[in-house]
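Subject: Structure handed over, with notes

Dear colleague,

Here is the structure I promised to pass on to you. Please have the sequence and the coordinates open beside this message as you read.

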Amino acid sequence: MMKQLSVFAENKKGAINDITKELADANINLYALLTNDSSAFAIVRMIVSDTEKAQEILKKRYLTHLDSVLAVRVSNEVGSLNHLLEDVKECNINIDYLYTTFGWDTSQPIMLIHCEEEEELEISLKNKGYDLM
């Protein structure tokens, strides 16, 4: 499992830029980012090179939360996400949310999955031959 930092920011112009500037100024690399918004606030979920340092910096201005996600490498070909989702469905596990990034060490897609039964899903996917980071 991989640590994910969630930041709750006001939904206004430049909010994401303010967050990424603070990370860049601290020499923290951003590997993946997902935003979900509402009328007043946005949740910015991210995978970064130094999660604890990023949280220390960002919690001075924002509400932050650390949790875990599964990072699953899949092949870069048609149907690979569908195949992964079929295998997750076979496990009878509900995905809360999923987002995609590309490998920071290869060009291979990485699916970041958040669910309540992460340990069970991790074991099942490893048994099916998936490469989890």
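Below are my notes, which go from the whole chain to its strands, then to one helix and two loops.

Please bear in mind throughout that this is a predicted model.

The overall fold

The protein contains four helices and seven strands, and their order along the sequence is β-α-β-β-α-β-α-β-β-α-β. Its radius of gyration is 16 Å, close to the 14 Å that the globule rule gives for 133 residues, so the protein is as compact as a globular protein of that length. The C-alpha trace spans about 40 × 30 × 25 Å along the principal axes, and 44% of the 133 residues count as buried. Among the contacts with a separation of 6 or more, 67% are between residues that lie 24 or more positions apart in the sequence.

As for the surface, the protein exposes about 7,600 Å², of which carbon and sulfur atoms supply 47%. There are 13 positive and 22 negative charges, and the mean positions of these two sets are 8 Å apart.

Strand β4 and its partners

I would look at strand β4, residues 63-73, with some care. Eight of its eleven residues are buried, so β4 is largely enclosed by the rest of the structure. Which strands pair with β4? Strand β1, residues 2-10, runs antiparallel to β4 and is joined to it by seven bridges, and within this pairing M2 has V69 as its bridge partner. Strand β6, residues 109-115, also pairs with β4 in the antiparallel sense, over four bridges; here A71 is partnered by L112, and L70 by I113. Strand β7, residues 131-132, is again antiparallel to β4, with two bridges between them, and in β7 it is D131 that stands opposite R73.

V69 deserves a closer look, since it lies in β4 and is the bridge partner of M2. Is V69 buried or exposed? Its relative accessible area is 0%, and V69 therefore counts as buried, the cut-off being under 20%. Leaving aside neighbours within four places in sequence, V69 is in contact with M1, M2, Q4, I47, Y97, L112, I113, H114 and E118. One of these residues, Y97, is 28 residues away from V69 in sequence, while the C-alpha atoms of the two are 9.6 Å apart in space.

Strand β6 and the hairpin

Strand β6 is mostly covered, with seven of its seven residues buried. In a regular strand the side chains alternate between the two faces of the sheet. In β6, P109, M111, I113 and C115 point one way, whereas I110, L112 and H114 point the other way, and all of them are buried.

Besides its bridges to β4, β6 pairs with strand β5, residues 95-102, in the antiparallel sense over seven bridges. These two strands, β5 and β6, form a hairpin with six residues between them. Within β6, I113 stands opposite L98 and is also the bridge partner of L70, which places I113 in the pairing with β5 as well as in the pairing with β4.

Helix α4 and what follows it

In helix α4, residues 118-127, the buried residues are E118, L121, E122, S124 and L125. The elements that cover these buried residues include β4, α3 (80-90), β6 and β7. E118 has already come up above, as one of the residues in contact with V69. Just after α4, G129 takes a positive phi of about 95°.

Two asparagines in loops

Finally, two residues other than glycine have a positive phi, and you may wish to find them in the model. N27, with phi near 60°, is placed in the loop between α1 (15-25) and β2 (30-37), and at 70% relative accessibility N27 counts as exposed. N92 has a positive phi of about 60° although it is not a glycine; it belongs to the loop between α3 and β5, and with a relative accessible area of 71% N92 is likewise exposed.

With best wishes

How values were computed
Residues numbered from 1 in each chain as written. Predicted model: local features only at pLDDT ≥ 70, side-chain atom pairs only at ≥ 80, totals over all residues. Heavy atoms only, no water. Buried < 20%, exposed > 50% of the residue type's maximum accessible area, 1.4 Å probe, protein only. Contact = heavy atoms within 4.5 Å. Rg over C-alpha atoms; globule rule 2.2 N^0.38 Å. Areas by Shrake-Rupley, 256 points an atom, 1.4 Å probe, with all protein chains shown as cover. Lys, Arg positive; Asp, Glu negative; His and termini not counted. Charge placed at Lys NZ, Arg CZ, Asp CG, Glu CD. Pairing = 2+ DSSP bridges.
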